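Good morning, colleagues. Please take a moment to look at the sequence and the model on the screen before I begin.

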Amino acid sequence: MLEELRITGLGVIEDTTLPLTRGMNVITGETGAGKTMVVTGLGLLFGGRADAARVRAQPGRAMIEGRLRLTGRTAAAVTERVVDAGAEADEDGSLLLSRTMTAEGRSRAHIGGRTVPVALLGEVGEQVVAVHGQSDQLRLLRPGEQRAALDRFAGFDHDKLLAELRERHHQWRAVEDDLADRRRHARERNQEADLLRLGLDEITRVDPQPGEDEALREEAQRLEHAEGLRAAAQLAHQAVAGASDGADETPDATSLLGLARRTLEGQSSVDRRLGELAARLEEAATLVADVSVELGGYLDALDADPARLQELYERRAALRALTRKYAEDVDGVIAWAEHARERLGELDSSDELLEELDRERLRLAGEVAEIAARVSTGRKEAAGRFADAVTVELAGLAMPHARVEVVVAPRAAGRGEPTLTVAGTECGVGPDGADEIELRLLAHPGAPALPLQKGASGGELSRVMLAIEVVFAGAGGPPTLVFDEVDSGVGGQAAVEIGRRLARLARVHQVLVVTHLPQVAAFADQHLVVAKDTGGAVTTSGVRAVESTERARELARMLAGLPDSDLGIAHAEELLAVADREKRG
């Protein structure tokens with residue numbers, strides 16, 4: 001649950017803290033006091049789009065902070081994702097989130113004191129909070145949203161089947177597009193393939209090896225300068241180890257090192273340090289001896305073979321012919337050849353391949369049609385249960401004669417989607433299946449079943465939306481639910497029933513409700529009032545919790561606009577007593 005929400009510098013709110021509790025938290029206040037800013041702040045805290053126009057000019061920065069305390073699977077999922085991002089929860093297990101934005105439009109996000117991408121706040125928000133406002137009611141009018149609602153109700157197994165359908169549909173469309181492209185561009189593909197084969201044939205004849213051009217360059221350079229290299233190596237070898245025939249009496253490095261070592265060893269008994277230096281000279285003599293051996297091997301291997309040099313020239317010329325055409329070096333030529341072989345496979349437009357692709361296309365199309373038929377069957381089964389459950393809730397929301405129907409019909413062909421025969425009917429098929437889903441409302445007996453956008457008033461649509469949410473509540477979902485004036489256009493007994501349903505939701509969820517209805521506010525476990533202060537040069541708003549007498553005065557204001565009216569307060573107290581009895585019952 002969300003334990004606390006602090007908003008600073010956002011809209012009319014200068015700096016306020018909302019203490020939130022389990023159960024039902026109600027937020028009320030005069031029109032324009034800033035109730036909407038509370039919902040806006042929640043949206044920003046959980047990754048919503050930042051609007052710099054809402055930042056107060058002073059101090060020129062808005063900050064929203066919230067403290068979450070989660071349990072169960074939601075806590076495990078959120079904590080794992082947060083830890084992956086390098087943040088961590090506080091020692092008491094709570095998680096601190098914050099979002100700042102400036103008047104210039106810059107925005108930053110923090111979790112557990114660590115800077116994180118704003119998208120991570122959105123990921124956390126998807127796990128912990130669901131916001132329902134008047135825009136959500138309008139969204140429910142869209143066919144795609146109605147289909148999503150039914151699919152959500154259908155359950156986990158149905159969701160797995162949908163995922164399988166989407167994967168198979170993607171594979172089918174990929175093969176279909178590949179086959180169509182190969183047929184449509186067969187001539188261009190064949191021309192490109194011919195050019196690639198010519199290049200591969202030339203490269204195959206030369207057969208370049210990785211790093212060969214550099215190795216040949218170094219070998220050719222040694223052969224071209226063989227005499228100079230030999231003279232240098234011989235002189236160095238003679239200086240290190242002396243002349244091989246012993247004719248030169250000039251002292252060599254090996255002999256001089258041996259003489260120095262023996263001289264020092266003779267005096268090491270007098271000064272131990274000379275013995276240490278003698279040991280180091282012995283190490284030097286060993287190293288010089290190794291160099292002498294390597295120089296001898298180098299001289300033996302050095303070969304000024306003109307025939308070999310000519311071979312190198314010819315081979316390097318062949319490699320240069322390739323690098324002029326295909327890449328900057330031999331390794332690049334080899335990479336070009338590998339890519340060309342892969343591309344040839346992609347360009348293949350042979351009759352055999354086209355027939356194979358066509359068979360694969362038909363196989364996948366059959367699987368898509370079969371899975372889509374199973375999805376449709378699952379939707380039809382869920383539609384009846386979903387409609388019955390929502391209808392029961394509507395009866396409790398002062399719509400006792402209303403009934404909801406969920407129609408699952410084949411999607412019409414010819415709308416730009418591919419068509420398949422699904423369960424004996426030709427219809428359009430998309431990654432979400434082959435069904436059109438429509439929620440219809442029968443407002444009273446004898447009335448025709450009309451689509452929601454035609455058959456539901458604003459108040460009725462609010463109640464349908466709430467009924468759907470109550471139905472979903474038993475299936476889990478985010479632990480915190482936010483309702484932003486979803487009771488708009490409702491009054492009287494229907495308003496009481498909305499309050500009762502929200503209180504029922506609050507038994508298993510934390511519920512935050514922004515409302516203008518006293519019948520709804522009376523069911524609150526905690527009542528917060530947004531109050532506007534216009535005493536200074538700048539209008540500001542703050543939030544405070546109200547109880548007992550203050551709460552009755554706020555409900556009296558909501559009832560009649562007369563917070564000090566004895567009759568209004570008495571009516572408010574009666575309303576609170578009724579709500580209290582309902583909650584305890």
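I shall speak about salt bridges, helix packing and two individual residues.

Let me say at the outset that this is a predicted model. The values I quote are computed from it.

I begin with the charged side chains. How many salt bridges does a search of the whole structure find? The search returns 39 of them. I have chosen three for discussion, and a network.

The first pair is Glu-202 and Lys-325, whose side chains form a salt bridge with an N to O distance of 3.1 Å. This bridge connects distant parts of the chain, since its two residues are 123 apart in sequence. Glu-202 belongs to helix H7, residues 186–206, whereas Lys-325 belongs to helix H12, residues 306–325. Is each partner buried or exposed? Glu-202 has a relative accessibility of 17% and therefore counts as buried, the limit being under 20%. Lys-325 has a relative accessible area of 55%, so it is exposed, for which the value must be over 50%.

The second pair is Arg-501 with Glu-497, a salt bridge at 3.7 Å, again N to O. Both residues sit in helix H17, residues 492–505, and because they are 4 residues apart, about one helical turn separates them. Arg-501 is buried at 6% relative accessibility, and Glu-497 is buried as well, at 11%.

These two residues also take part in a wider arrangement. Which residues are linked with Arg-501 and Glu-497 in a network of salt bridges? The network joins them to Glu-393, Arg-500, Arg-504 and Glu-582.

The third pair is Glu-554 and Arg-557, with the closest N and O atoms 2.6 Å apart. Here too the bridge lies within a helix: both residues are in H19, residues 548–560, 3 residues apart, or about one turn. Both of them are buried.

I turn now to helix packing. Two packed helices are described by the angle between their axes and the distance between those axes.

Let us return to H7 and H12, the helices of the first salt bridge. Their axes come within 10 Å and cross at roughly 155°. An angle over 145 degrees counts as roughly antiparallel, and H7 and H12 are therefore roughly antiparallel to each other. The crossing of H7 past H12 is left-handed. On the H7 side the contact is made by Glu-202, Ile-203 and Val-206, and on the H12 side by Arg-315, Ala-318, Leu-319, Leu-322 and Lys-325. The contact residues comprise 5 nonpolar, no polar and 3 charged. Glu-202 and Lys-325, the salt-bridged pair, are thus both among the contact residues.

H7 also packs against helix H6, residues 156–184; the two axes come within 5 Å and cross at roughly 80°. That angle makes H6 roughly perpendicular to H7. From H6, the residues Asp-178, Asp-181, Arg-182, Arg-183 and Arg-184 meet Ala-186, Glu-188 and Arg-189 of H7. By class, this contact has 1 nonpolar residue, no polar residues and 7 charged residues.

My remaining helix pair is H2, residues 72–84, with H3, residues 118–128. They pack at an angle of about 175°, their axes being 10 Å apart. H2 is accordingly roughly antiparallel to H3. Thr-74, Ala-77, Val-78, Arg-81 and Val-82 of H2 meet Leu-120, Glu-123, Val-124, Gln-127 and Val-128 of H3. Of these, 6 are nonpolar, 2 polar and 2 charged.

Finally, I consider two individual residues.

Ser-98 lies in strand S5, residues 95–102, and is buried, with 12% relative accessible area. Which residues does Ser-98 contact, leaving aside its neighbours within four places in sequence? They are Leu-45, Ile-64, Glu-65, Arg-108, Ala-109, His-110 and Leu-121. In addition, the C-alpha atom of Ser-98 is separated by 8.8 Å from that of Arg-67, 31 residues away along the chain.

Leu-576 is located in helix H20, residues 566–584, and is likewise buried, at 17% relative accessible area. Apart from its neighbours within four places in sequence, Leu-576 touches Ala-522, Arg-551, Ala-552 and Leu-555. From Leu-576 to Ala-62, the C-alpha to C-alpha distance is 36 Å, with their positions 514 residues apart in sequence.

Thank you for your attention.

Methods: Residues are numbered from 1 along each chain as its sequence is written. This is a predicted model: local features need pLDDT of at least 70, side-chain atom pairs count only at pLDDT 80 or more; totals for chains, interfaces and linings use all residues. Side-chain values use heavy atoms; hydrogens and water are left out. A salt bridge is a side-chain nitrogen of Lys or Arg within 4 Å of a carboxyl oxygen of Asp or Glu. Buried means under 20% relative accessible area, exposed over 50%, partly exposed in between (1.4 Å probe, protein chains only). Axes are lines fitted to C-alpha atoms, for helices over the stretch in contact, and angles run from 0 to 180 degrees between N-to-C directions. Angles under 35 degrees count as roughly parallel, over 145 as roughly antiparallel, 65 to 115 as roughly perpendicular and the rest as oblique. A crossing is left-handed if the near helix is turned anticlockwise from the far one by less than a right angle, and right-handed if clockwise. Contact means heavy atoms within 4.5 Å. Ala, Val, Leu, Ile, Met, Phe, Trp, Tyr, Cys and Pro count as nonpolar, Asp, Glu, Lys and Arg as charged, and the others, Gly among them, as polar.
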